[in-house]
Amino acid sequence: MTSSPLTAPAAAPVAIGDQLVGAGQPVYVIGEIGINHNGDVEIAKQLIDVAADAGANAVKFQKRTPEICTPAAQRDQIRSTPWGEMTYLDYRYRVELDRGAYEKIAQHAADRGLHWFASPWDVPSVDFLEDLGVVTHKVASASVTDLELLRALEATGKPIILSTGMSTLEQIDTAVETLGTSRLVLMHATSTYPLPPEEANLRTIATLAERYGVPVGYSGHERGLQISVAAVALGAVTVERHITLDRTMWGSDQASSLEPTGLSHLVRDIRIIEKAMGDGVKRIFPGELAPLSRLRRVDA
């Protein structure tokens, strides 16, 4: 009998810092802070606390060099922000954290027992993060086709986590060829914010695992917990979700983020699912012995 097409085949785990990410390992839970800190290192530290208190393994940020990453046509557009009206380029600078802030973030994450890393959106940001000693790099879905960035990431020798939203298999093929597979973790994702269930397409977890032979996780943008928990049941070895102190806070990612209680419940449910999956060997469990003696009338 063939294996179920709904579960991903096993691939060799990838070492991220002091943890292995892959089949047979605890699910690596990432709290995606992104830019939900709104440029405030104290909010960032509070979000690190949220992730640690929930039992997550890591927190992730986004790092940009605004003059490189801001499209020329948008730079001078006026944007209303909590800090008043300003150009989009000025806004991008306003929500970026500087080196001093990231040093505080690195220390606070270490103090709370968490890995921290970021999605660099340009080559100078790769150098910035490397200088801070991150354990891994995350490629945002928007950067799948940025081969200059991917080559810079591959040259670091660090493990790479690659999100695959808004990308075709052919584009992912090229990205995987550029990055190599020896230190690669893929993330199934759909880049709709918030994600409707009909676009989750969780069976793609198995598709990616079979095609590339690497560990595959899930990066979710949905409201609620069900889809992320189902992803674990379908073989996702890591789960990433945006986190916030309050979904009503200002910012484009806040509404599709998990608040502290939501993240705690997600980690709780993931750990239950891990235990419930078992090893696939059919046998009689100790808890069945009493019902067996009481209820079975005919022995084999």
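Q: Which residue of strand 12 is the bridge partner of Ser 219?
A: Glu 240 is that partner. This is a predicted model: local features need pLDDT of at least 70, side-chain atom pairs count only at pLDDT 80 or more, and totals for chains, interfaces and linings use all residues. Residues are numbered from 1 along each chain as its sequence is written, and side-chain values use heavy atoms, with hydrogens and water left out.

Q: Why are strand 11 and strand 12 called a pair?
A: Two strands pair if DSSP finds at least two bridges between them. Strand 11 (residues 216-220) and strand 12 share three bridges, in the parallel sense, so they qualify. Strands themselves are DSSP runs of E, at least two residues long, and helices are runs of H or I, at least four; both are numbered from the N terminus.

Q: What makes the crossover from strand 11 to strand 12 a β-α-β one, and which hand does it have?
A: The chain leaves strand 11, passes through helix 9 (residues 226-233) and enters strand 12. The hand is right. That word applies if, with the strands pointing away from the viewer, the path from the first strand over the helix to the second runs clockwise.

Q: How many bridges link strand 12 to strand 3?
A: Strand 3 (residues 28-34) pairs with strand 12 over five bridges, in the parallel sense. Tyr 28 faces Thr 238 there.

Q: Why is strand 12 called mostly covered?
A: Buried means under 20% relative accessible area (exposed is over 50%, partly exposed in between; 1.4 Å probe, protein chains only). Five of the five residues in strand 12 (residues 238-242) are buried, so the label fits. Both faces are covered: Thr 238, Glu 240 and His 242 on one side, Val 239 and Arg 241 on the other.

Q: In what order do the eight strands of the open sheet run?
A: The order is 7-4-3-12-11-10-9-8, with parallel pairing. Strand 7 (115-120) and strand 8 (137-139) are the edges, because each has a single partner strand and one side without a neighbour in the sheet. Neighbouring strands are turned by 25° against each other on average, direction ignored. Within the sheet, strand 10 (residues 184-189) joins strand 11 through four bridges, and Met 187 has Gly 217 as its bridge partner.

Q: How many residues of strand 7 are buried?
A: Six of its six residues are buried. His 115, Phe 117 and Ser 119 point one way, and Trp 116, Ala 118 and Pro 120 the other. Strand 4 pairs with strand 7 over six parallel bridges, with Lys 63 opposite Pro 120.

Q: What is the angle between helix 5 and strand 7?
A: Helix 5 (residues 123-131) runs at about 165° to strand 7, and lies across strand 4 (58-63), strand 7 and strand 8. Axes are lines fitted to C-alpha atoms, for helices over the stretch in contact (heavy atoms within 4.5 Å). Angles run from 0 to 180 degrees between N-to-C directions.

Q: What makes the largest nonpolar core a core, and how many residues has it?
A: A nonpolar core is a set of buried Ala, Val, Leu, Ile, Met, Phe, Trp, Tyr and Cys residues joined through side-chain atoms within 4.5 Å. This one has 49 residues; Phe 61, Ile 105, Trp 116 and Leu 263 have the most contacts inside it. Helix 1 (residues 41-54) gives the largest share, nine residues. Beyond its neighbours within four places in sequence, Leu 263 touches Val 50, Ala 51, Ala 54, Ile 243 and Leu 258.
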